[in-house]
Amino acid sequence: MDEKSSTKKGPEFCSLRYGLAFIMHFSNFTMITQRVSLSIAIIAMVNSTQLHGLPNASTEGPLADTVNNPSRSMKEFYNKASVYEWSPETQGIIFSSISYGIIVTLIPSGYLAGIFGAKQMLGAGLLISSLLTLFTPLAADFGVILVIVIRTIQGMAQGMAWTGQFTIWAKWAPPLERSKLTSIAGSGAAFGSFIILCVGGLISQALGWPFIFYIFGSIGCVCCLLWFTVIYDDPMHHPCISVQEKKYIVASLAQQSSSPRRSVPIKAMVRCLPLWAIFTGFFSHFWLCTIIITYLPTYISSVLHVNIRDSGVLSSLPFIAASSCTILGGQLADFLLSRNLLRLVTVRKLFSSLGLLLPSLCAVALPFVASSYVTTIILLILIPGTSNLCDSGFIINTLDVAPRYASFLMGISRGFGLIAGIISSTATGFLISQDSVSGWRNVFFLSAAVNMFGMFFYITFGQAEIQDWAKEKTLTRL
């Protein structure tokens, strides 16, 4: 009785751990908007997109509109003064440079976050990314090389921020609330994609494309101030946490080791099939997600033949669905666990299976409903929405199997995901360049096959118990 009373939960949504989740939601929102900002701004930055009449290009010339509407002189000053002759190949290098930067820092930043503290790692990454976002318009005037360098460093900074989050959750998230807390935090990325796709073009039209970087870079700086002020690495040292909440978190994590680690058991990790199940899940999940994020505007324009304004709105809808499904999935997963309706491993495999199977079915169906506008849009919305159910599955599974190394393993997992994204983007570009109709069909069929492989591998080898090599070694003194 005493033990149960001491571990009684405090209020949830008024608690500090949920406040941390919402601040991390804001951080993820900020980072994804900074990452996608260039994809929106480059339409106005690169004059060749207008000259070649690409689907995402505006049909209105800045100089002509200045004559018709002199009141927009400030906006047109930016548009006229900031047009760059970047080829499609150069644009591709610029876009991919941030991914290479993220890959470089994913693994080392995850390891260092566990040693020096995730608060400093994540905060520093967010601050660097925000400052570089503010500097991007000026860098573009100095040349494309500087833009590529800045985007690469920005990717390295964001890689530090992404992986550091799981070190914090290893100390703040009670096992029965992990899905809820991490889904609230992770949904910030999907919500950020929705916002930047909705308002990015409007900002560019109203103020000029540099203000896309100025606005979201400034938001990132505000988020940094909030982060360094409110966030602490663990509940034991937070000055504002209630005694009841602190006791509940500490008691719920009592079975997890909390001692600092001196080395990483690489050999044991390589031989661990449950880890490879997680890595395979990440690879499969990011394969299709990257295609949707990268090629969704192109697919909508080429298949549905809509204008740029409608394309921007339609491209944003799947991400608000993804954000909603992420939060709802986390709530449902923790409900099943708290009521003892399903075991932890069953919940992880159930949500992983749904997050890989359902979007695969939607992707396979897309080529057969291309003639139906409404059905196509519904399926495109469902793909990222259902795919984000994985956030309550293998995405957070490292917190179950190896909480001591969660941040380090998350870095490796995201590395597998980024590699999948690079391969899938390249393969998609090659397939649709051969023939649009058959190319898109092959893209979706291949994505479904990759997802099915990941699903069956995870169902077969996935686990939710702390692995022996991840447990704290107890020394007995004689």
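Student: Why is Cys390 not in a disulfide with Cys289?

Tutor: In this predicted model, the sulfur of Cys390 is 7.5 Å from the closest cysteine sulfur, that of Cys289. A disulfide needs the two sulfur atoms within 2.5 Å, so 7.5 Å is too far for a bond. A search of the whole structure finds zero disulfides.

Student: What makes Cys289 and Cys390 count as buried?

Tutor: Buried means under 20% relative accessible area. Cys289 has 15% relative accessibility and Cys390 has 0%, so both names fall under that cut-off.

Student: Why is the contact of Arg17 and Glu245 called a salt bridge?

Tutor: The cut-off is 4 Å from a side-chain nitrogen of Lys or Arg to a carboxyl oxygen of Asp or Glu. For Arg17 and Glu245 the N to O distance is 3.1 Å, so the pair qualifies. Arg17 lies in helix α2 and Glu245 in helix α11, so the pair ties together parts that are 228 residues apart in sequence. Both residues are buried, and they are linked with Glu177 in a network of salt bridges.

Student: How do you know that Asp468 is exposed and Lys471 partly exposed?

Tutor: Exposed means over 50%, and partly exposed lies between 20% and that value. Asp468 has a relative accessible area of 61%, so Asp468 is exposed. Lys471 has 42% relative accessibility and therefore counts as partly exposed. Their side chains meet in a salt bridge, at 3.5 Å from N to O.

Student: How many salt bridges are there by this rule?

Tutor: The count comes to four.

Conventions: Residues numbered from 1 in each chain as written. Predicted model: local features only at pLDDT ≥ 70, side-chain atom pairs only at ≥ 80, totals over all residues. Heavy atoms only, no water. Buried < 20%, exposed > 50% of the residue type's maximum accessible area, 1.4 Å probe, protein only. Helix = DSSP H or I, 4+ residues; strand = E, 2+ residues; numbered from the N terminus.
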